[in-house]
Amino acid sequence: MEVSVSDFDNLKATELRLGLPGIDAPEKPAPVSPRGSKRALLKANEECWPGTSKSLEADTSNQEAQPMAKAQVIGWPPIRSYRKNSFKARKAEVEAAGLFVKVSMDGAPYLRKIDLKVYKGYKELREALDNMFRCFSTGELSGMEGCNGSEYAITYEDKDGDWMLVGDVPWEMFISSCKRLRIMRRSEATGMPSSP
Amino acid sequence: MREERSDMSEDEDGGGGSAKSRGGGGAPPPFSDQVLEIVLENVLQFLSSRRDRNAASLVCRSWYRAEAQTRRELFIGNCYAVSPRRATERFRRIRAVVLKGKPRFADFGLVPINWGAHFHPWVSAMAAAYPWLEKLCLKRMSVADGDLSLLAHSFPNFRELSLICCEGFSTAGLAVIAEKCRHLRVLDLIEDYLEDDEDEMVDWISRFPETTTCLESLGFDCVGGAVNFEALEALVTRSPALRRLRVNHHVSVEQLHRLMARAPQLTHLGTGSFGSAAAAAAAAIPQGGNNVVDLVSTFAASKSLVCLSGFRDMAPQYLPAIYPVCASLTSLNFSFAEISAEELIPVIRHCHSLQIFWVLDTVRDEGLQAVAATCKDLRELRVFPLDATEDSEGSVSDVGLIAISEGCRKLRSILYFCQQMTNVAVVTMSKNCQDLVVFRLCIMGRRRPDHVTGEPMDEGFGAIVMNCKKLRRLAVSGLLTDKAFAYIGKYGKLVRTLSVAFAGNTDLALMYVLEGCTKLQKLEIRDSPFGDSALPAGLHHYYNMRFLWMSSCKLSVRGCMEVAQRLPHLVVEVIRERDEDDDHEAVEKLYMYRSLAGPRNDAPPFVEIL
């Protein structure tokens with residue numbers, strides 16, 4: 001970032017930036033980024049003030065630039081906690097609620113409940129269901145990828161009340177539309193569309 | 001909303017009783033002078049502005065005494081600038097007090113808890129000195145339930161209590177106020193932090209007198225817990241003078257409907273949640289499609305509504321209910337409602353009379369363009385961020401700012417949070433909105449430059465101070481070099497409040513401001529590279545200021561000590577967060593203010609007074 005003011009010596013060299021690395025202007029020197037406490041921050045600042053010849057260019061390869069940019073500073077942006085808490089409270093309510101759905105398995109005497117939000121994707125979900133219902137089946141469930149070899153298919157009921165095969169849509173879309181899960185015997189699943 | 005609180009505005013200032021050191025009293029004057037004083041008192045009682053009064057009190061001893069006798073409203077901008085005893089001794093007939101405590105940066109967590117600003121010594125002194133006290137307004141004070149109790153028991157004629165950004169009290173304190181203050185007209189709780197445990201909350205609403213009350217304003221949107229709704233409804237019913245009601249988010253839209261039906265004369269309404277949450281089910285109020293229709297007619301019946309706020313958990317389908325009042329609204333606060341441009345536009349289209357508008361950036365530039373197209377009379381705009389973090393996407397930008405500047409030429413005050421800004425936009429605003437008194441721009445990413453040119457934001461802020469000749473309050477952000485401060489010092493001759501964060505390059509910047517801004521009263525700086533050598537530049541001026549705050553700058557104890565020694569009436573506080581044994585020299589936080597009271601005796605251990 002060029003500051004073309006001739007009356008300031010070494011302005012560029014001594015310029016200290018704590019902001020995000022330049023998004024719009026790639027030529028900007030990377031900010032000096034001391035880790036840790038404000039103490040260290042102050043000390044690092046002092047090293048770069050006018051009077052020293054330390055150039056910021058030397059720091060462009062500093063890999064610590066990214067974490068520093070992401071670190072939140074106390075009281076910045078200047079929003080009162082009253083306002084922050086109003087939204088946080090609501091967010092927390094939504095997040096704490098979780099996304100619990102019932103899981104039934106054909107032939108099992110009781111149902112289970114799982115929180116879809118704790119899984120990152122289909123693979124984790126499948127493994128979890130495997131573990132949960134292992135005692136009720138002779139082999140792996142593996143209902144996700146194709147119908148070969150597995151005894152069961154994992155299906156779900158969506159918002160419209162339709163029963164769908166798990167795995168077709170992106171994960172985020174799935175968890176937002178899934179109301180309950182059913183682990184269905186393959187023999188009963190013959191009417192289902194096969195996965196592409 | 002703050003529109004009634006013009007006396008609380010940061011821009012209005014004065015020494016109150018504090019700036020001039022004179023003894024109060026002395027030997028009684030001769031008879032002829034007494035007559036003169038009585039005449040003077042009769043004249044001076046018409047003087048209401050405290051600046052005028054301060055000036056009058058300086059004329060001579062006689063005027064000083066007469067003014068002291070006739071002053072009815074006491075404004076203390078810094079509770080530590082004068083001792084309660086001194087204030088109550090000089091002014092004997094006060095009916096209304098405004099008292100401010102902590103520095104503003106306390107709102108953002110920069111001042112440790114238990115720093116001070118205790119209400120207790122003040123309420124104790126006033127209880128003895130001002131038995132006829134009627135009004136009290138506290139801002140950023142630490143208020144205990146015991147203080148509220150003392151208040152309620154000491155002032156039989158007490159009428160108005162406003163607590164803004166205060167902490168330390170609970171619903172128990174509110175209960176005593178409700179019960180004992182039989183002439184209470186105003187109880188306004190604005191952004192306070194109540195110390196309530198979930199299971200220890202007191203039903204304070206039920207404690208108001210059973211008879212008809214003289215309540216005119218009741219605001220409790222910051223009270224965390226649900227209030228007894230039946231009691232609230234009954235209270236509203238027996239308060240025919242009620243004009244302003246602001247409920248908290250536990251009040252559902254169905255409950256609001258009932259309250260509004262009881263009080264069609266309301267002028268200011270804080271709507272609570274404006275959503276139909278579990279509260280409705282709990283109160284067993286029948287739901288159904290009728291509700292929205294009912295709500296519309298209720299709003300239509302509230303012909304006096306000029307100010308709407310709340311909308312804490314707003315369900316968008318209820319928004320059309322407010323259409324009947326939009327045309328007469330002068331103030332609208334949507335800053336807790338996550339509404340989109342599509343949801344805003346049908347509403348704002350009707351709001352021709354709007355003067356004050358607070359909103360979330362979820363409405364985006366498009367929403368702001370709609371505001372600019374309709375609200376030609378807009379005086380104050382505040383755009384808050386939904387996601388108040390540095391890396392957030394940022395939904396409004398220079399585009400929205402330009403639109404506002406072109407549509408709302410009468411704009412006086414703006415607070416604008418964004419992630420992207422350009423100098424061109426700020427310059428445009430400076431030219432279009434010549435009436436600007438308050439300009440606060442917060443580019444949330446620290447030290448962010450003009451996102452189009454990559455240059456610092458110097459020219460934009462420079463244009464603001466140059467072109468907006470009435471500017472009194474300025475908050476800067478983005479990438480700023482010393483040049484920006486040179487502009488501020490050169491052109492910001494009326495600036496009274498300046499907020500600086502992550503800006504400037506050298507001490508010169510601070511020096512420009514201290515030397516140039518002759519009317520400067522409040523200067524708050526954080527995380528900027530200003531050191532000891534800049535401080536002496538303000539020695540000629542610090543006694544004219546209410547305070548200087550500097551945190552995470554480059555100050556040392558030695559530099560601050562020099563100032564403290566040169567100016568004996570300045571209290572220089574060094575605030576340390578924790579025991580910093582490795583470096584006692586560095587000053588993490590400096591808070592210094594003029595004071596007639598000397599170093600305070602209630603300073604906690606982490607505060608060192610030099």
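Two strands are taken as paired where DSSP finds at least two bridges between them. In this predicted model, strand β9 (residues 307–309) of chain B and β10(B) meet that criterion, pairing in the parallel sense over two bridges, and Leu308(B) stands opposite Leu332(B) in β10(B). Strand β10(B) is also joined to strand β11 (residues 356–360) of chain B, by four bridges and again in a parallel arrangement, with Phe357(B) in β11(B) as the bridge partner of Leu332(B). Strand β10 (residues 331–334) is covered on both faces, since Ser331(B) and Asn333(B) on one side are buried, as are Leu332(B) and Phe334(B) on the other.

Towards the start of chain B, UniProt, in an unreviewed entry, places the feature "domain: COI1 F-box" at residues 33–72. In the model this span is 75% helix and 0% strand, and its end C-alpha atoms lie 23 Å apart. Helix α1 of chain B, comprising residues 31–44, contains Val43(B), which contributes, together with Phe31(B), Val35(B) and Val39(B), to a nonpolar surface patch of about 390 Å². An α-helix has 3.6 residues a turn, so residues three or four places apart point the same way. Val43(B) itself has a relative accessibility of 52% and therefore counts as exposed, the cut-off for that class being over 50%.

Arg53(B), by contrast, is buried, with a relative accessible area of 3%, and is located in helix α2 (residues 50–57) of chain B. When neighbours within four places in sequence are set aside, the contacts of Arg53(B) are with Leu44(B), Gln45(B), Leu47(B), Glu67(B), Thr70(B) and Arg71(B).

Further along chain B, helix α6 (residues 145–154) has Asp147(B), Leu148(B), Leu151(B), Ala152(B) and Ser154(B) as buried residues. These buried residues of α6(B) pack against two helices of chain B, α5 (120–129) and α7 (171–180), and against two strands, β3 (135–139) and β4 (160–164).

Side chains of opposite charge can pair when their charged atoms come close, and over all chains the structure holds 26 salt bridges. One of them is formed by the side chains of Lys102(B) and Glu167(B), at 2.6 Å from N to O. Because Lys102(B) lies in the loop between β2 (96–100) and α5 of chain B, whereas Glu167(B) lies in the loop between β4 and α7, the pair ties together parts that are 65 residues apart in sequence. Lys102(B) is buried, with a relative accessible area of 18%.

A second salt bridge, between the side chains of Arg258(B) and Glu233(B), has an N to O distance of 2.6 Å. Here the partners come from two helices, Arg258(B) from α9 (residues 253–262) and Glu233(B) from α8 (residues 229–237) of chain B, so that the bridge ties together parts 25 residues apart in sequence. Arg258(B) is partly exposed, at a relative accessible area of 32%, whereas Glu233(B) is buried, at 8%.

The side chains of Arg379(B) and Asp377(B) likewise meet in a salt bridge, at 2.9 Å from N to O, and both residues are buried. Residues of both chain A and chain B take part in a network of salt bridges that links Arg80(A), Asp107(B), Arg140(B) and Glu191(B).

Notes:
Residues are numbered from 1 along each chain as its sequence is written. Chains are lettered from A and ligands numbered from 1 in the order in which they are written. This is a predicted model: local features need pLDDT of at least 70, side-chain atom pairs count only at pLDDT 80 or more; totals for chains, interfaces and linings use all residues. Side-chain values use heavy atoms; hydrogens and water are left out. Buried means under 20% relative accessible area, exposed over 50%, partly exposed in between (1.4 Å probe, protein chains only). Contact means heavy atoms within 4.5 Å. UniProt positions are given in the numbering used here, feature names are shortened, and annotations may be inferred rather than shown by experiment. Patches are made of residues with over 30% relative accessible area and no salt bridge: like charges are joined within 9 Å, nonpolar side chains (Val, Leu, Ile, Met, Phe, Trp, Tyr) within 5 Å. Accessible areas come from the Shrake-Rupley method with a 1.4 Å probe; for residues, only the protein chains shown count as cover. A salt bridge is a side-chain nitrogen of Lys or Arg within 4 Å of a carboxyl oxygen of Asp or Glu.
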